[in-house]
Amino acid sequence: YHDRDGLIWIDGTLVNWRDVKVHLLTHALHYASSVFEGERAYGGEIFKLTEHSERLVESARILDFEIPYSVAEIDQACRDVIAANKLSDCYVRPIAWRGSEQMGVSAQQAKIHLAVAAWDWGSYFPMEQRLKGIRITNAVYRRPDPACAPSRAKAAGLYMICTIEKHRAERAGYSDALMLDWRGRVAECTGANIFFVKDGVVHTPEADCFLNGITRRTVIDLAKARGITVVERVIMPEELGSFSECFITGTAAEVTPVSEIGEHKYKPGSISETLLNDYMELVKPKKRVAAE
Ligand code: PMP
């Protein structure tokens, strides 16, 4: 990703993509003191931009640092990056981290940096796979107890086990891995939340130890707007065989049906398809009505 044309916003300035540098002794590289966001723009407009910027600021607070920009300034930086790179449908990646001014576990004096990059990024899962439903395997690592990790933050350190599990899944021919939580309950995938359908009712795990995704909350609202009952509850892996449909949600994954989790098979059915279509309709750029 480093050798390409384009501009990246870093600490308030747009810098040529190839010239953006961070030092080897960056605290975040050694101690995972970084938080980030993943956003998507549709027709040049970032979906739920302010919610993402607010989550970034909150993630930083949870990691005990303050981003030296306001939510409004972060929103504007994201918009500026899209405009500067002449992008329309793209992925946007803001990231904040502790710099290289101090080394060691303690880094009170290290400067807090903020950068935003954006690039074209099509479907997270290939479209033909998405329509058939993706195949998911079971992860080995579990989402940690909130007493052992800052679960509510979108913090780089929480992705260490996600990358291990995503690689393990891909090597075995799967698209993703289902992670349980530390209690053995169904939690989420490596970068997306998970939903199930049984008898016309949508079931999803309570987000009490993993990211309560912006897409997750959006899809719950879309289902309710359709009169579909949504139950947030404890889901045990023993129940996986009792559901008829399964899908995952995330900014990158949008709404992606699942056809298989380990030995359990699902058919992308009418509820997954309805919510996939409703989501795509919601994010679609609205035609601007010309002012009179
Ligand atoms: N869980 C994890 C681990 C994720 O990385 C993501 C993607 N940010 C999500 C859930 C979904 O979050 P959102 O809908 O806000 O993108």
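Here are some questions and answers to help you find your way around this predicted model.

Residues are numbered from 1 along each chain as its sequence is written. Because the model is predicted, local features need pLDDT of at least 70 and side-chain atom pairs count only at pLDDT 80 or more, while totals for chains, interfaces and linings use all residues.

Q: How many helices and strands does the protein have?
A: Helices (H or I, at least four residues) and strands (E, at least two) are DSSP runs, numbered from the N terminus. On that basis, the secondary structure comes to seven helices and 16 strands.

Q: Why does the protein count as being as compact as a globular protein of its length?
A: The globule rule is 2.2 Å times the number of residues to the power 0.38, and the radius of gyration is taken over C-alpha atoms. For 292 residues the rule gives 19 Å, and the protein is close to that, so it is as compact as a globular protein of that length, with a radius of gyration of 20 Å.

Q: Which helix gives the most to the shell around the ligand?
A: A residue is near the ligand if its C-beta atom, placed from the backbone, lies within 6 Å of it. Gly-213, Ile-214, Thr-215, Gly-250 and Thr-251 come nearest of the 15 residues there. Strand S14 (245-250) and helix H6 (214-225) each supply at least two, but the top giver, with three residues, is H6.

Q: Which class, nonpolar, polar or charged, has eight residues in the shell around the ligand?
A: Ala, Val, Leu, Ile, Met, Phe, Trp, Tyr, Cys and Pro count as nonpolar, Asp, Glu, Lys and Arg as charged, and the others, Gly among them, as polar. The shell has five nonpolar and two charged residues, and the class with eight is polar.

Q: Is H6 roughly parallel or roughly perpendicular to H7?
A: Axes are lines fitted to C-alpha atoms, for helices over the stretch in contact, and angles run from 0 to 180 degrees between N-to-C directions. The axes of H6 and H7 (residues 270-283) come within 10 Å and cross at roughly 110°. Angles under 35 degrees count as roughly parallel, over 145 as roughly antiparallel, 65 to 115 as roughly perpendicular and the rest as oblique, so H6 and H7 are roughly perpendicular.

Q: What is the angle between H2 and H3?
A: Helix H2 (residues 49-62) and helix H3 (residues 71-84) have axes 9 Å apart. Their angle makes H2 oblique to H3; it is about 120°.
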